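Colleague: I would like to go through this model with you. I will ask how each label was earned.

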Amino acid sequence: MNIYIVIPAHNEELLIGQTLTSLVNQTVLPKKIVVVDDNSTDGTSAKVQKFIDKHPYISLVHTNSSTDHMPGSKVINAFYQGFKTLDSNYDIISKFDADLIFPKNYLETLIANFKNNPKTGMFGGFCYIQKNDAWVLENLTNKDHIRGALKSYRKACFDAIGGLKPAMGWDTIDELLAQYHNWEIKTDASLHVKHLKPTGNTYNTKAKYKQGEAFYRMRYGFIITLIASIKLALLKKKPKLIIDYIRGFLKAKNAQQPFLVSASEGTFIRKLRWKKMLSKILKSI
C-alpha cells in the first residue's frame, strides 16, 4: 500500500530532524513525505533540505499563514498546501506533526491493519510524553480516539468524510463522520509514539474559547457540550477551562456560526455520543 505523509511545521528546527529520522528508518518506507514550512522564522527549511538531499521521496513546500498558533485551522490549511502537491496514487494519507518520534515498525503495522480489515478507515498509535526520566501516555482522550498528531486515513474513507475540516475539533469530526459513513476507527496500544512537544503548549491565548466553539459547530447541543467540557478540563487538570468552553459554545451559538456537519450528521453524532456515555456508565455499575 502506498503511504503519503504530510507534515505541517512551524518553527520546528529543533525537533523535525528527529521526526524525519524516525520515518526514513521505518521497516516499510512511505512513498512520499511532504513537509509544509508554515511561516517559520527559524531553520526548519534548512533542516528538512538536508533530508531531501538524501531521500528523493521527501519534498518541501512553503506557505505563509498567521504567526498565531491557533488550534485547528492553521495546521489543516498548512496540510492542504502540502496535500495539493501530491498525486492521487496513494492508498493511505497521513497527517503527522513535526515533533514526533515513531517506532521503527509504525508504518509496517499501519499497513497490516488496513490490509487485514477492509472496513478500517482510520488508524493510529498513541502519544507518549516525557515526565522526568520516563515516557508516559499523554492521556487526554479515550483509547478509541486517534490523536490529531498522527492521523492516517484509507483513501476511500478520506474521500467519504470530505477530507479534513479547517477548524478546531477537526480531529474529532473526522472520526465521527467516518463512523457515519460506516468506517471503523482502529488504534494500536503497542505503538508508542514519542510526542516531544505536548499538546497545547504553544497555543495562543486567544484560542481558549475555540473548544466550546467546536462543540457547537459539531452540533453537540448544550448538555453534551457541558459533559464533554467537564471531562476534557479534568483530563487537562484545569477545571477553570470548563467556563471557557461553555463561554465558547454560547459565543458561537449567539453568533450563529456555521455548523461543520449537516443536520443528519449532527443527529447521528449526538446519538453516538449518548450511546458511548451510557455504555461507560453501565460498565462502571
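The questions below take up the fold, the cysteines, a helix and a pocket.

Modeller: One note before we start. This is a predicted model.

Colleague: What makes the radius of gyration of the chain agree with that of a compact globule?

Modeller: Set the two values side by side. For 285 residues, a compact globule would have a radius of gyration near 19 Å. The chain has 19 Å, so the two agree. The C-alpha atoms fill a box of roughly 55 × 40 × 40 Å along the principal axes.

Colleague: How many helices and strands does the chain have, and what share of its residues is buried?

Modeller: There are 10 helices and nine strands. Of the 285 residues, 49% are buried. Contacts reach across the sequence too. Take those between residues at least 6 apart: 79% of them join residues at least 24 apart.

Colleague: How many disulfides does the structure hold?

Modeller: Zero.

Colleague: Why is C127 not bonded to C157?

Modeller: A disulfide needs two cysteine sulfur atoms within 2.5 Å. The closest cysteine sulfur to that of C127 is in C157, 19 Å away, so the pair is too far apart for a bond. Turn it round and the result holds for C157: the nearest cysteine sulfur is that of C127, at 19 Å, and C157 is in no disulfide.

Colleague: Why is C127 called buried? And why C157?

Modeller: The cut-off for buried is under 20% relative accessible area. C127 has 1% relative accessibility, so C127 counts as buried. C157 has 0%, and therefore C157 is buried as well.

Colleague: What makes helix α6 mostly covered?

Modeller: Count its residues. The helix spans residues 170-180, and nine of the 11 are buried. The buried set holds W170, I173, L176, L177 and A178, along with T172 and the acidic D171, D174 and E175.

Colleague: What is the phi of N182, just after α6?

Modeller: The phi of N182 is positive, at about 70 degrees.

Colleague: Now the second largest pocket. Which classes of residue line it, and how many of each?

Modeller: Five charged, two polar and one nonpolar. The lining residues are K275, K276, K280, K283, D144, N142, S279 and L272. Asp and Lys count as charged, so the five charged ones are D144, K275, K276, K280 and K283. Leu counts as nonpolar, so L272 is the one nonpolar residue. The volume of this pocket is about 170 Å³.

Definitions and conventions. Residues numbered from 1 in each chain as written. Predicted model: local features only at pLDDT ≥ 70, side-chain atom pairs only at ≥ 80, totals over all residues. Heavy atoms only, no water. 1 Å grid on protein atoms, 1.4 Å probe; cavity = no way out; pocket = protein on both sides within 12 Å on 5 of 7 lines; lining within 4 Å. Points joined across faces, edges and corners; volume = space filled by probe spheres on them. Buried < 20%, exposed > 50% of the residue type's maximum accessible area, 1.4 Å probe, protein only. Helix = DSSP H or I, 4+ residues; strand = E, 2+ residues; numbered from the N terminus. Rg over C-alpha atoms; globule rule 2.2 N^0.38 Å. Contact = heavy atoms within 4.5 Å.
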